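Please find below some comments on the nonpolar packing and the salt bridges of this model.

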Amino acid sequence: METLKEKTARGLFWGGMNNGVQQLIGLLTGIILGRLLSPGDFGLVAMITIFSVVATELQSSGFKTALTNLKQPTANDYNSVFWFNIVVSACIYVVLFCCAPLIADYYHRPELVALCRYLFLGFVFSSFGLAQSAWLFKNLRTKQQAKSGMTAIVVSNVVGIVMAWRGFAYWSIATQTLVYILTNTLMLWHYSPWRPTLSWDSGPVRRMFRFSCKIMASAILTQVNNNILNIILGRYYSARETGYYNQAYQWNYKGSYTLQGMVQTVAQPIFVDLKDDSQRQLRALRKLIRFAAFVSFPLLFGFSLVAKEFIVLAITDRWLTSAGYLQVLCLCGAVMPLCTLMSNLIISKGRSDIYMWCTLALGLCEIALMLSLTAFGVRQMVVAFTVLNVAWLFVWHFFVWRLTGYSLPMLLADILPFALSAGATMLVTYYATRGIGNLWLLLGARIAMAAVVYVAVMKLAHAKILDEALGFLRKKTG
């Protein structure tokens with residue numbers, strides 16, 4: 001019988017494998033598409049992404065999280081959610097299909113009408129796989145989830161690259177998204193043993209809705225928060241400027257989500273399993289926080305260090321504007337996995353209301369701040385967005401402290417050693433390598449030196465999390 005520690009380690013391994021492979025393939029695809037497509041192509045898709053992701057959250061209505069929060073969900077619970085998602089997604093698609101001209105008018109881009117109606121098919125496809133995804137997530141079948149995601153990313157990126165090469169412009173990005181969703185849905189059906197029946201009982205949906213509706217509202221608000229600059233820049237700036245920012249946002253997301261997706265794979269199921277033992281739950285939270293900080297700070301601080309060289313070498317100097325935005329956004333990306341862990345802890349305590357109101361407050365602050373800075377330029381808006389999101393880590397912590405007793409000194413003891421070590425490592429690396437003129441040599445030297453210095457610092461500090469991570473990897477590789 002697998003222990004909880006072993007389940008967590010296995011989940012982190014496969015979650016890391018899934019996100020690592022997805023982000024690596026996404027990196028290669030991003031480089032190719034960045035060379036084949038224009039900033040305007042990326043900007044057009046970025047303008048309407050928010051409508052697609054909000055529709056997806058409306059369609060799922062927070063039921064994946066609600067099913068996970070149940071101790072022992074039944075087949076009837078999954079069946080009720082399955083049919084509810086399909087009906088709701090069909091209705092939402094009809095509404096958005098009719099609203100496409102209004103969206104195009106908002107951005108003053110008539111070509112968005114057809115693009116909206118095409119891209120929005122994605123959340124209809126995803127509705128058929130949500131119950132299967134919830135079953136795999138609840139039962140910590142991280143290996144199966146990883147295989148689904150990795151297969152989908154390979155197939156969709158091949159399609160996107162071929163279409164971009166053939167001159168389909170922004171349609172290649174939209175098709176890539178649709179193919180990913182469709183392939184992932186088919187793979188989830190392949191790996192999940194649960195199958196729907198034609199009978200539908202609305203009772204489980206009604207019972208879960210009080211909890212799930214807050215998760216749904218929070219998820220929508222989170223998507224708005226994440227895409228707020230795309231929305232505002234698309235309105236007040238050109239598609240080109242929106243594309244520059246979106247390129248930086250996407251690269252930062254790839255770096256941050258490599259870890260964020262890994263911990264999210266296991267966090268809520270583990271916290272739910274331990275919610276009757278508050279001390280063990282707090283110990284699990286602290287260990288995951290330390291692991292996230294150990295990886296996140298050097299990864300994102302390092303990405304910020306090499307952002308200029310990476311962007312110029314990967315997608316040419318026509319995207320140099322994005323490099324400046326990326327350097328700033330990486331600081332925000334470094335704390336996102338920590339915020340994810342804290343919000344998952346809050347949800348596992350059944351306090352979806354706190355999660356919702358905290359997310360709403362962040363969104364309102366972002367909207368007010370971004371609108372007040374539209375006259376000052378994109379860079380100032382990006383800096384303000386980053387500062388606000390880093391500061392919000394302590395808002396999440398306040399509520400976790402109220403629920404678990406996780407004090408501020410505990411939090412600082414868990415994250416500051418890694419943040420300061422990573423910051424000092426990047427500072428030393430920057431000054432030691434700034435005289436190198438060749439960009440390829442500079443990029444390689446900075447990555448190699450930063451990695452060696454950071455691991456050496458962790459070794460000298462006798463960081464337990466490093467020994468545990470290396471021990472687990474040695475065990476997995478035999």
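The numbered points cover the basis of the values, the core and the charged pairs.

1. This is a predicted model, in which local features need pLDDT of at least 70 and side-chain atom pairs count only at pLDDT 80 or more, while totals for chains, interfaces and linings use all residues. Residues are numbered from 1 along each chain as its sequence is written, and side-chain values use heavy atoms, without hydrogens and water.

2. The largest nonpolar core (buried Ala, Val, Leu, Ile, Met, Phe, Trp, Tyr and Cys residues joined through side-chain atoms within 4.5 Å) has 130 residues, and Leu112, Leu285 and Phe297 touch the most other members. Helix α14, residues 320-348, contributes the most, with 17 residues. Helices here are DSSP runs of H or I, at least four residues, numbered from the N terminus.

3. Leaving aside residues up to four places away in sequence, Phe297 has contacts (heavy atoms within 4.5 Å) that include Ala334, Val335, Leu338, Ile415 and Phe418.

4. The structure holds five salt bridges, each a side-chain nitrogen of Lys or Arg within 4 Å of a carboxyl oxygen of Asp or Glu. One of them joins Arg286 and Asp414 at 2.9 Å, N to O. Because Arg286 lies in helix α12 (residues 278-305) and Asp414 in helix α17 (residues 408-433), the pair ties together parts 128 residues apart in sequence. Arg290 is linked with both in a network of salt bridges.

5. Is Asp414 buried or exposed? Asp414 is buried, at 2% relative accessibility, whereas Arg286 is partly exposed, at 22%. Buried means under 20% relative accessible area, exposed over 50%, and partly exposed in between, with a 1.4 Å probe and protein chains only.

Definitions and conventions. Helices (H or I, at least four residues) and strands (E, at least two) are DSSP runs, numbered from the N terminus.
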